[in-house]
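Welcome! Here is a short tour of a protein for someone who has not met it before. Please take a look at the sequence and the structure first.

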Amino acid sequence: MPTAPDDRFELPEAFGPGSVWADRVAERTLVGRNQRGVEIRIGHGEGEINPGELLKLALIGCAGMSSDIPLGRRLGEDFDMRLWAHGTADQEQDRYLSIAEEVQLDLEGLSQDEVKRVVTVFGRAVAAACTVERTIVPGVEVTHTILGQDQEHAGGEDAR
């Protein structure tokens, strides 16, 4: 897999660490790549991911990576976590009006105070370190909900 684009086009001056690119491979179908050799088909067909899904994955991926170490300190190094993102779109404006993130964690055995602390830790970690959300939030509302055993404790606070 390529770690740099082929020579069909000149490399942009800004190309460097962290640069990604996408090549058109068919009508409304691209292959996105990074310098570590990862490829992802972008489109609306079978085996492809569309740009809106990529946006939501970028948000939850960033939230998960930003909160991983702080949550591991409270939940143990090998804790389970699943993140979800659901978008509400306005078809006329062709944009997302909101993206709701939900986080599933095993909170069994935690006290009410410990659950509140986990919610706070998650929110602070994302607010401090999630570059994707810090970039997007000025234009779209992003919410977080920690999903756990007791929704009264987990969902009652906005985690930002």
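The report below goes from the overall build to charges and then to single residues.

**Overall build**

This is a predicted model, in which local features need pLDDT of at least 70 and side-chain atom pairs count only at pLDDT 80 or more, while totals for chains, interfaces and linings use all residues. Residues are numbered from 1 along each chain as its sequence is written, and side-chain values use heavy atoms, with hydrogens and water left out.

The protein has four helices and six strands; helices (H or I, at least four residues) and strands (E, at least two) are DSSP runs, numbered from the N terminus. Starting from the N terminus, the order of the elements is β-β-β-α-β-β-α-α-β-α. Along the principal axes, the C-alpha atoms fill a box of roughly 60 × 40 × 30 Å.

Of the 160 residues, 34% are buried. Here buried means under 20% relative accessible area, exposed means over 50%, and partly exposed lies in between (1.4 Å probe, protein chains only). The protein exposes about 10,400 Å², and carbon and sulfur atoms supply 49% of that area. Such areas come from the Shrake-Rupley method with a 1.4 Å probe; for residues, only the protein chains shown count as cover. Among contacts (heavy atoms within 4.5 Å) between residues at least 6 apart in sequence, 46% join residues at least 24 apart.

**Charges on the surface**

Lys and Arg count as positive and Asp and Glu as negative, while His and the chain ends are not counted. Each charge is placed at NZ of Lys, CZ of Arg, CG of Asp or CD of Glu. The 16 positive and 29 negative charges have mean positions 4 Å apart.

Where do like charges gather in a patch on the surface? R73, R74, R117 and R124 form a patch of positive charge. Both α1 (51-75) and α2 (112-129) supply at least two of its residues. One of these, R117, is in helix α2 and counts as partly exposed because its relative accessibility is 36%. A negative patch on the surface is made of E77, D78, D80, D106 and E108, with D106 in the loop between β5 (95-105) and α2. Patch residues have over 30% relative accessible area and no salt bridge; like charges are joined within 9 Å, and nonpolar side chains (Val, Leu, Ile, Met, Phe, Trp, Tyr) within 5 Å.

**Two buried residues**

K56, in helix α1, is buried yet has no salt bridge, meaning a side-chain nitrogen of Lys or Arg within 4 Å of a carboxyl oxygen of Asp or Glu. The nearest side chain of opposite charge to K56 is E53, 6.2 Å away. Beyond its neighbours within four places in sequence, K56 is in contact with A85, H86, G87, Y96 and I99.

T29 is in strand β2 (residues 29-34) and counts as buried because its relative accessible area is 8%. Leaving aside neighbours within four places in sequence, T29 is in contact with D23, R24, R41, I42 and E48.

**Two residues with positive phi**

The table sets out two residues other than glycine that have a positive phi.

| Residue | Phi | Loop | Relative accessibility |
|---|---|---|---|
| R28 | near 55° | between β1 (20-26) and β2 | 65%, exposed |
| D94 | near 55° | between β4 (81-90) and β5 | 67%, exposed |
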